[in-house]
Structures are given as structure tokens and as C-alpha cells.
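Visitor: I would be grateful for a close look at a single part of this molecule. Please then relate that part to the rest of the chain.

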Amino acid sequence: GVHRQILLATLGCFVGYQLVRRAEYVHAKVDRELFTYVRHHPVDFHSATEKKRIGDLLDDFHPIR
């Protein structure tokens, strides 16, 4: 009956909440490890001194006709 549906809905909300919490914990843990690695190895992640423009990246257009 209705009481079973309410019980299963409550159980589904609880399980879903726990799964979301677990996923957020795992993602936060990975982020923390990556940021720690970047902080300890700044040479591997140096930023480009001069930004390239789109015109520098693309070849010149020469129409065939």
C-alpha cells in the first residue's frame, strides 16, 4: 500500500543522498591531491609567457579559384 511506497521513497532519498555525498568526497579528494601536486611541482605547470593569437595559430587562407 501507501506505507510501502513512502518507505521506499524515503529509503531511495537516503541512499541517493549517501551516494552523492560519497561522490563529492571522492572528487574533493582527487582535487586536493592534484592541487598539492601542482603546488609542489610548479616547473611542470609553467604558464606561457606570451599568449598566441588565433591568427598566429591558423594558416593563411588562399582560395583555389
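Guide: F35 is found in helix α1, in a model that is predicted. The helix itself covers residues 2-40. Is F35 buried or exposed? The relative accessible area of F35 is 56%, and a residue counts as exposed when this value is over 50%; F35 is therefore exposed. To place F35 along the helix, one may compare its position with that of H3. These two residues are 32 positions apart in sequence, and their C-alpha atoms lie 48 Å apart in space.

L19 belongs to helix α1 as well. With a relative accessible area of 56%, L19 is also exposed, because the cut-off for that word is over 50%. L19 takes part in a nonpolar surface patch, which is made by L8, L11, F14, V15 and L19. The area of this patch is about 510 Å².

Let us now follow the chain beyond the helix. H46 lies in the loop between α1 and α2, and the second of these helices covers residues 54-57. What is the relative accessible area of H46? The value is 64%, so H46 is exposed. Between H46 and D59 there is a separation of 13 residues along the chain, while their C-alpha atoms are 27 Å apart.

These details may be set against the chain as a whole. Its secondary structure consists of two helices and zero strands. The C-alpha trace spans about 75 × 50 × 10 Å along its principal axes. The radius of gyration is 26 Å, whereas a compact globule of 65 residues would have a value near 11 Å. How much of the chain is buried? Buried residues account for 0% of the 65 residues, where buried means a relative accessible area under 20%.

The surface can be described in the same manner. The chain exposes about 7100 Å², and 62% of this area is supplied by carbon and sulfur atoms. Its charged side chains comprise 10 positive and 8 negative ones. The centres of the two sets lie 13 Å apart.

To return to the part with which we began, F35 is an exposed residue of helix α1, in a chain whose buried residues come to 0%.

Terms used. Residues numbered from 1 in each chain as written. Predicted model: local features only at pLDDT ≥ 70, side-chain atom pairs only at ≥ 80, totals over all residues. Heavy atoms only, no water. Patch = residues over 30% accessible without salt bridge, like charges linked within 9 Å, V, L, I, M, F, W, Y side chains within 5 Å. Areas by Shrake-Rupley, 256 points an atom, 1.4 Å probe, with all protein chains shown as cover. Salt bridge = Lys/Arg side-chain N within 4 Å of Asp/Glu carboxyl O. Helix = DSSP H or I, 4+ residues; strand = E, 2+ residues; numbered from the N terminus. Buried < 20%, exposed > 50% of the residue type's maximum accessible area, 1.4 Å probe, protein only. Rg over C-alpha atoms; globule rule 2.2 N^0.38 Å. Lys, Arg positive; Asp, Glu negative; His and termini not counted. Charge placed at Lys NZ, Arg CZ, Asp CG, Glu CD.
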